[in-house]
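Here are a few notes to read alongside the model. Have the sequence open while you go through them.

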Amino acid sequence: MKIGILSFRSSNNHASKEEIRIKKEAKLAGHTSRIFRASRFQMVYDQHSPWLLYDGKPFPKYDVVITRPSVLKNVDLHVALIEQMELMGVPLFNDYHSILKTKNKIKTMQILDHAAIPIPKTVVIRRPEDIKQAVKSLGGFPVIVKHPVGSFGSGVIIVESMRGLQSYLLWDKPMYLLQEYVKYSKGKDIRIFVINGQVVGSMMRSAKKGEFRSNIELGGKGSVVDITPEEANIALRSVQALDLKYGGVDVMRSKAGPVVLEVNSNPGFKELEGVSDSNIAGALVEYAVEYAERRTQVNGGSLNGV
Ligand SMILES: Nc1ncnc2c1ncn2[C@@H]1O[C@H](COP(=O)(O)OP(=O)(O)O)[C@@H](O)[C@H]1O
Ligand SMILES: [Mg+2]
């Protein structure tokens, strides 16, 4: 099989540890793989030329492409490349629809709540007059404010007082997402990695001293954890609700039971593979092969039968 890895890292950055791990596992399983950099593609629309050029040449045929959309800005512009591949019938996952759902935390909360998946109480406000009522309904201070688009903990802020909140909200954005602070978990949350409807790995993440966010990029540390059937269940349902083929679900243990904070469509797994003995890259490659084979059967090998 020929497995493509679509990387959105900027061209002057090296491939990520995750991308290299996927390549290594693909090789071990006897497949060829290649990392494609999003920035080197051209999309051409003239009814004649190939639609996609890579480094100036027609994009070669690949059996399956694993997308790694590590983008934080202009998400809808970036995912146009993934959509283009889908229009051309390239078998790939995660697809652009599911990525868009996870890149916006308001959209994610909307979908998870609609699917009756427990989340921390969340209120989205659009005018200063509603601050007081929102804070009250979230159980008072501290409250969490989240930028709808953000990752690695940047854009997740804890606010301790009304004075702080009023001075932080500048009303230069159309809306703000306020969320109940889940105290019970004391800076710990669980990352659950799901591929194809199965939990393939999980770890506890603990925030570094003085920090409430447990992101590894902010100094959080992973450790082994046994997740409960309920935690596995809400992680699986979250990934399914967002139509992801693979995803990383952040779950917190609250007094009322587990709640989902967010779902990542290009989760890292370096720390997870380090603290547990799960082979996430291997599982991704295995699923990619299965996915490509299924697509070939359905389409009779045709590249255009989306
Ligand atoms: N409602 C909350 N209560 C307590 N801690 C939270 C809450 N929401 C987020 N956090 C902490 O902040 C971290 C980052 O939040 P998250 O929503 O996962 O955004 P990001 O996309 O930046 O990872 C979480 O892993 C968790 O440690
Ligand atoms: Mg997170």
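1. A quick bit of vocabulary before we start: Ala, Val, Leu, Ile, Met, Phe, Trp, Tyr, Cys and Pro count as nonpolar, Asp, Glu, Lys and Arg as charged, and the others, Gly among them, as polar. With that in hand, the shell around ligand 1 splits into 9 nonpolar, 7 polar and 6 charged residues. Keep in mind that this is a predicted model.

2. Which residues come nearest to ligand 1? Out of the 22 around it, they are Pro120, Val182, Arg213, Ser214 and Glu262. As for elements, β9 (143–146), β11 (176–180) and β16 (257–264) are the ones that give two or more residues to this shell.

3. Now zoom out to the domains. The protein is divided into domain 1 (2–94 + 284–299), domain 2 (105–118 + 184–265) and domain 3 (122–181). Ligand 1 lies between domain 2 and domain 3, because both of them give residues to its shell.

4. What about domain 1 and domain 2? Their centres, taken over C-alpha atoms, are 26 Å apart. Domain 1 puts 5 residues into the contact and domain 2 puts in 6. On the domain 1 side, the residues are 4 nonpolar and 1 polar, with no charged ones.

5. Last stop: Glu129, which you'll find in the loop between β8 (122–125) and α6 (131–137). Is Glu129 buried or exposed? Exposed, because just 8 other C-beta atoms lie within 10 Å, and 12 or fewer counts as exposed. From Glu129 to Val263 is 134 residues in sequence and, C-alpha to C-alpha, 31 Å in space.

Methods
Residues numbered from 1 in each chain as written. Chains lettered and ligands numbered in written order. Predicted model: local features only at pLDDT ≥ 70, side-chain atom pairs only at ≥ 80, totals over all residues. Helix = DSSP H or I, 4+ residues; strand = E, 2+ residues; numbered from the N terminus. Buried ≥ 20, exposed ≤ 12 C-beta atoms within 10 Å, placed from the backbone. Near = placed C-beta within 6 Å. Domains from an automatic or database assignment. Contact = placed C-beta atoms within 7 Å.
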